Amino acid sequence: MSISVPDSPPLLTVKGLSAYYGESRALFGVGFSVEKGTVHSIVGANGAGKSTLLRAIVGMMNRGRAAHINGIVEFKGRRIDHLKTEEIVGLGVTMVPEGRRLFASMSVEENLLCGGFLARCRSAMDETLESVYDLFPRLADRRQQPVSQMSGGEQQMVSIGRALMSSPELILLDELSLGLAPIVVDQIYQRILTINQRGITCIVIEQDTERAMRVATSVSVLLEGRVVLEGDPDILGRDRVSAAYFGIDNAGISR
Amino acid sequence: MNEDLYWALIDIANGLLSGVMLGGYYAIISIGLALTFGVMRLVNLAHGDLLVLAAYLAVLALQFVPMSPFITLALVIPVMFGVGYALQRFMLNSISVQSMERRGMSTGYGLMSPILVTFGLSIVIAHALLGGFASDARIIRNALSYSAVRLTEDLNVSTLRLIFFGIAVAILLGLHLFLKRTHAGRAIRASADDVEITPLMGMVTPKINAMASGIAISIAGVAGVMVGMSRTFQPFDGPVFLLIAFGVVIVGGMGSIVGSLVGGMLLGITQVLAGTYFGPSAQLVAGYMLILFVLAVRPQGLFARRR
Ligand SMILES: Nc1ncnc2c1ncn2[C@@H]1O[C@H](COP(=O)(O)OP(=O)(O)OP(=O)(O)O)[C@@H](O)[C@H]1O
Ligand SMILES: [Mg+2]
């Protein structure tokens, strides 16, 4: 399902990206690129730096001395690594954060409306809202329900819907499966494929390599803050990806 | 009906009525404190002094243009909005919990710095007022000071209190609708819920904080004019109103509009009834006893939102 258009730059390019939490370093010169219209998966074990990478892309790591990044992030050929999160979201990149992070005192619809806060989203707000309800009919029946009274799966739908409200071109999805039953995770990934078919490029992060490879056009394996393997998941194959994931090189020796 | 019983009931009814009226006024004194705490975890110790500043602003306006004190609100509200906005934007944003954490300092610095800064501001405002207006007690004269509305033969309510109550309800209702129905209002609530994530919605935290602070201080400004119309005030009276605001917020719970109104009413009713039965000196004591009681049995306040 690769729709990459030659000659135009990738939608997102990351080059030599390092990230620091104070003195400690979480990413070591990470690089990869994502073509428009694809699903790119990033897999890695606990603490590999997956969330840090996504947070860095949306400008949530450029916050002064305590947490900061070094390196280049380009969206549609334009550098965004020095921009603030709200500016990056304005350009059409957004993220579904790890752990869903809904606005707990609000209803489903209020959460979605918050997602459409940007001035450029307000004129088409009603249509975008309907398209989210169309994607997740379960939310349509629960518009006024407080999100605190919803199941984990439903909350994840709200979180994805809220991100879609900003009409993004690129959406970063951080561990959607966290704490959800496998059957619910399957349903949610079905929806991600629908979103992708609507033309939105996706970056998917998972610990579960199998699931991540199933939905992906391309995959990067992150190990202790470095990309150790990347390519087409069908060509790489499961064994090589899981070997890289655990840090075992081809000779079977742990690094 | 037995005459004694009748008068006992009238006393209670009068007490409840004026307590409720007082509650609206208390709610307006305190809602700003609850709002800035709810949104920014910021305790503004200059809240009371800003309120007194607004009362002096009305006094000043009336010196130049004689008019109904209510008309001064048209000046006081926008000026105090600007003061609150600028205070947050240019002073408090840079020392918030978030900014401190961003600079690699502990949360403690972020909680402590605004306390020190607003405490300093409180002193600066009080001394500036002393310098500008001297220490004479002032009052904003108005035609309604001694007027009362008669509900039954023995049941009265002060006209001024009734008007203040109406204004209070209108402001609280307006604030509720603003927070519930507008993009800006939802952004303020979203910041209160999870300020780390709001930038992902395209919300600009410093501006949203500044707007919340502007709203909070402009409502304190309205309270200042109400205070000035109902009692005498002096440059150093700020802490009196800060204490009332703390009391209401403790009783009603932080960050709840209904909580502020009901908390204000409970405090008002307690004070008035205590005053009726045990004399004026019991008023304040009873109020603080209510506050201590609530702190002991329900420290999150009676109407605290679950988070
Ligand atoms: N706020 C923080 N302060 C300090 N160190 C952090 C912080 N967040 C993450 N780290 C460190 O950065 C490294 C990468 O963390 P990150 O959360 O990006 O991993 P992850 O791949 O998303 O893991 P998981 O699969 O558990 O979500 C870890 O070593 C972690 O301890
Ligand atoms: Mg993570």
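Visitor: Why are α3(A) and α7(A) called roughly parallel to each other?

Guide: A word first: this is a predicted model. Helix α3 (residues 108-115) of chain A and helix α7 (residues 152-164) of chain A pack at an angle of about 30 degrees. Angles under 35 degrees count as roughly parallel, so α3(A) and α7(A) earn that description. Their axes are 7 Å apart, and α3(A) passes α7(A) in a right-handed crossing.

Visitor: Which residues make the contact of α3(A) with α7(A)?

Guide: From α3(A) come A:Val108, A:Asn111, A:Leu112, A:Cys114 and A:Gly115, while α7(A) brings A:Val158, A:Gly161, A:Arg162 and A:Ala163. By class, that contact has five nonpolar, three polar and one charged residues. Gly counts as polar here, so A:Gly115 and A:Gly161 fall in the polar class.

Visitor: How do you know that the size of chain A agrees with a compact globule?

Guide: Set the two values side by side: with 255 residues, a compact globule would have a radius of gyration near 18 Å, and chain A has 18 Å, which agrees. Its C-alpha atoms fill a box of roughly 55 × 40 × 40 Å along the principal axes. Inside chain A there are eleven helices and ten strands.

Visitor: What makes up the shell around ligand 1, and which residues are the closest?

Guide: Ligand 1 is surrounded by 13 residues, and the closest are A:Tyr21, A:Ala26, A:Lys50, A:Ser51 and A:Thr52. A residue belongs to this shell if its C-beta atom, placed from the backbone, lies within 6 Å of the ligand. In chain A, β2 (24-34) and α1 (50-57) each supply at least two residues of the shell. The largest share, three residues, comes from α1(A).

Visitor: How many of the residues around ligand 1 are nonpolar, polar and charged?

Guide: The shell divides into three nonpolar, eight polar and two charged residues.

Visitor: Let us turn to chain B. Why are α1(B) and α8(B) called roughly antiparallel?

Guide: The axes of helix α1 (residues 3-40) of chain B and helix α8 (residues 205-230) of chain B cross at roughly 165 degrees. An angle over 145 counts as roughly antiparallel, which is why the term fits α1(B) and α8(B). These axes come within 8 Å, and α1(B) passes α8(B) in a left-handed crossing. Among the residues in contact are B:Tyr25, B:Ile28 and B:Gly32 of α1(B), together with B:Asn209, B:Ala212 and B:Met226 of α8(B). The contact of α1(B) with α8(B) holds 16 nonpolar, four polar and no charged residues.

Visitor: What makes α2(B) oblique to α3(B)?

Guide: Here, too, the angle decides. The axes of helix α2 (residues 47-64) of chain B and helix α3 (residues 73-92) of chain B cross at roughly 140 degrees. The roughly antiparallel class begins over 145, and 65 to 115 counts as roughly perpendicular. An angle of roughly 140 degrees falls in neither, so α2(B) is oblique to α3(B). The two axes come within 10 Å, and α2(B) passes α3(B) in a right-handed crossing.

Visitor: Which residues of α2(B) and α3(B) meet, and of what class are they?

Guide: B:Leu50, B:Ala54, B:Leu57, B:Ala58 and B:Ala61 in α2(B) meet B:Leu75, B:Val76, B:Val79, B:Met80 and B:Val83 in α3(B). This contact has ten nonpolar, no polar and no charged residues.

Visitor: How do you know that chain B agrees with the globule rule?

Guide: For 307 residues, the rule gives a radius of gyration near 19 Å, and chain B has 20 Å, which agrees. The C-alpha atoms of chain B fill a box of roughly 70 × 50 × 35 Å. Chain B has eleven helices and two strands, and along the sequence they follow the pattern α-α-α-α-α-β-β-α-α-α-α-α-α.

Visitor: Where do the two chains touch, and which helix of chain B gives the most?

Guide: 20 residues of chain B are in contact with 26 residues of chain A. On the chain B side, α4 (97-102) and α7 (183-193) each supply at least two residues, and α7(B) gives the most, with six residues. That side has eight nonpolar, three polar and nine charged residues.

How values were computed
Residues are numbered from 1 along each chain as its sequence is written. Chains are lettered from A and ligands numbered from 1 in the order in which they are written. This is a predicted model: local features need pLDDT of at least 70, side-chain atom pairs count only at pLDDT 80 or more; totals for chains, interfaces and linings use all residues. Axes are lines fitted to C-alpha atoms, for helices over the stretch in contact, and angles run from 0 to 180 degrees between N-to-C directions. Helices (H or I, at least four residues) and strands (E, at least two) are DSSP runs, numbered from the N terminus. A crossing is left-handed if the near helix is turned anticlockwise from the far one by less than a right angle, and right-handed if clockwise. Two residues are in contact if their C-beta atoms, placed from the backbone, lie within 7 Å. The radius of gyration is taken over C-alpha atoms; the globule rule is 2.2 Å times the number of residues to the power 0.38.
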